[in-house]
Each structure stands twice: as structure tokens, then as C-alpha cells.
Amino acid sequence: ELPSRDVLDRGAYLLAAFGAAGKGNKQGAATLILLADTGPDLPHVTIIDRAIGMELLVAAAADVEDIDTAQAWLDRMEKLDGHPVAAPPLYRARSRVALIRGDLSAAISHAEQAIETATADGRVVELAESRLVLASAQIANGDIRAASRLLRSEVTASDSLGFHAVRRAATEVLRPAGRRLPPRRAGGWDVLSTRETEVANLVLSGLDHKQIAAQLFLSPATVRVHISRALAAFGV
């Protein structure tokens, strides 16, 4: 049995949980959420923290494809249905569970409703998370192009606001599809990969893309992509 928590204790655990989630550590976030309260329904925290906390528990279970646990947390979370502030997390949780069950149309529909409700309330961070969930469902449905467009647009907006956790999460969402995000605009050398840095230095030395391709044993098309990403990194 967990010890009792006061308001300060619960707040500290919740902040740590949300921080872990922002770093992509869903399992760590789930553990911290459970440590924040003394009941399975998280009765001692605000409605919004309860909704986001339970969504993290659903996400952690879904991440390891534990359908039963994800569904069990979603069932508890359904008690929040009707609370407007809980709507975006609840729709996202429904989308996550539908996705691991293979119901792709429901996963997409719930994610779109999460976007709609987050937009209506002007909740920027939750809107970004909702779009990440939608992109995951789109990729599972084979619509990689739509997911890539959605995440590129979201990351561009989030970068400008300093929400760099969105880029990290979007990179993970796109990785199974074999797609990459453009580098952070005007990020300079620090945001380039080793190969992109190598190509950029060869451009600076005066070689054109065909000469670089021959020297590095790459196709000219691949070199063009590296050059394009390098230019974006320097705001060109």
C-alpha cells in the first residue's frame, strides 16, 4: 500500500511523470503517475491531471501491446466522459486502444475528435499530442504521406514555440515508416547528421552534387536530399 500523499507530493510526482513523458519515457511516466496517488482512479488530483495521468497509463500499456491493461485503464478513464476538460485525453486513449486492437478507422476517428476538442479549447500542447496520435493511426492505415505532412507541419510550429519534445516524439512516430523530419530550421551544424555534415563540407569545398555522389559512392538524388537538409539547417 502506498503512503499517503499531500498536495505538494502529488504535484511533484505528476510534474516528474509529465517530464518523463515529454522525454519519451512512457513506462517511467506510468510508474510516477501511480506513485502520485493512493487509488487506482487517481481520486486526489484534478480532473485534467487525472485524465492525462490515465492516458499515460493507457499509452504505457499500449506501447508494449498489453491490450488487457490498456483496456482496463481506458475503462476507468471512461468515468470522466462528459467532463469537457477530459475530452482530448479520453479521445486519445480511445484511439490508442483501438489502434492496438487493429480497429484503424476508430483509431483515426477518435484521434480526429481529440484534435477537434483540443483546438476548440486552445490547448496547444494537447493539440500536438493529438496530432501525434493521429499520425500513428494514419501510418498503421498505410497513409504515410498524410502522416508525414501532418507531423512536418506540427514540428515546424512546435519548434517555433520551443516545444522540442514534439520533434522527439514525431521522430519516433515516423521511424517505422522510414520517414525523417527536416532538421530544425536555422539550427546550424548541431542539427545535421554525420553524413549531412560531410556533404555540407564538400559543398563548401566547391564540389557539385555529382562530384560529391562519386566521392561518397552515393546516388546524385541522395546527395540532393542531404544538401536540401543542410540548407534548411542553415535557414536557406
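Student: Which helix gives the most residues to the lining of the largest pocket?

Tutor: Happy to look at this with you; keep in mind that this is a predicted model. Five helices, α1 (7-22), α3 (47-63), α5 (87-100), α7 (124-140) and α9 (164-174), each supply at least two residues of that lining. With 10 residues, the top contributor is α7.

Student: How much space lies in the largest pocket?

Tutor: Let's start with its walls: 36 residues line the largest pocket, and those nearest its centre are Lys26, Arg96, Glu129, Leu132 and Ala169. By class, the lining has 21 nonpolar, four polar and 11 charged residues. The space in this pocket comes to about 1,200 Å³.

Student: And which helix supplies the largest share of the lining of the second largest pocket?

Tutor: The second largest pocket has a volume of about 240 Å³. Among the residues lining it are Arg167, Thr171, Leu174, Pro182 and Arg229. Its lining holds five nonpolar, one polar and six charged residues. The largest share, three residues, comes from α9.

Student: How many helices and strands are there in the chain?

Tutor: Try reading along the sequence: the pattern is α-α-α-α-α-α-α-α-α-α-α-α. The C-alpha trace of this chain spans about 65 × 40 × 30 Å along its principal axes. The count is 12 helices and zero strands.

Student: What percentage of the residues in the chain is buried?

Tutor: Here we need a cut-off: a residue is called buried when its relative accessible area is under 20%. The chain as a whole exposes about 12,300 Å², with 55% of that supplied by carbon and sulfur atoms. Of the 236 residues, the buried part is 42%.

How values were computed
Residues numbered from 1 in each chain as written. Predicted model: local features only at pLDDT ≥ 70, side-chain atom pairs only at ≥ 80, totals over all residues. Heavy atoms only, no water. 1 Å grid on protein atoms, 1.4 Å probe; cavity = no way out; pocket = protein on both sides within 12 Å on 5 of 7 lines; lining within 4 Å. Points joined across faces, edges and corners; volume = space filled by probe spheres on them. Helix = DSSP H or I, 4+ residues; strand = E, 2+ residues; numbered from the N terminus. Nonpolar A, V, L, I, M, F, W, Y, C, P; charged D, E, K, R; others polar. Buried < 20%, exposed > 50% of the residue type's maximum accessible area, 1.4 Å probe, protein only. Areas by Shrake-Rupley, 256 points an atom, 1.4 Å probe, with all protein chains shown as cover.
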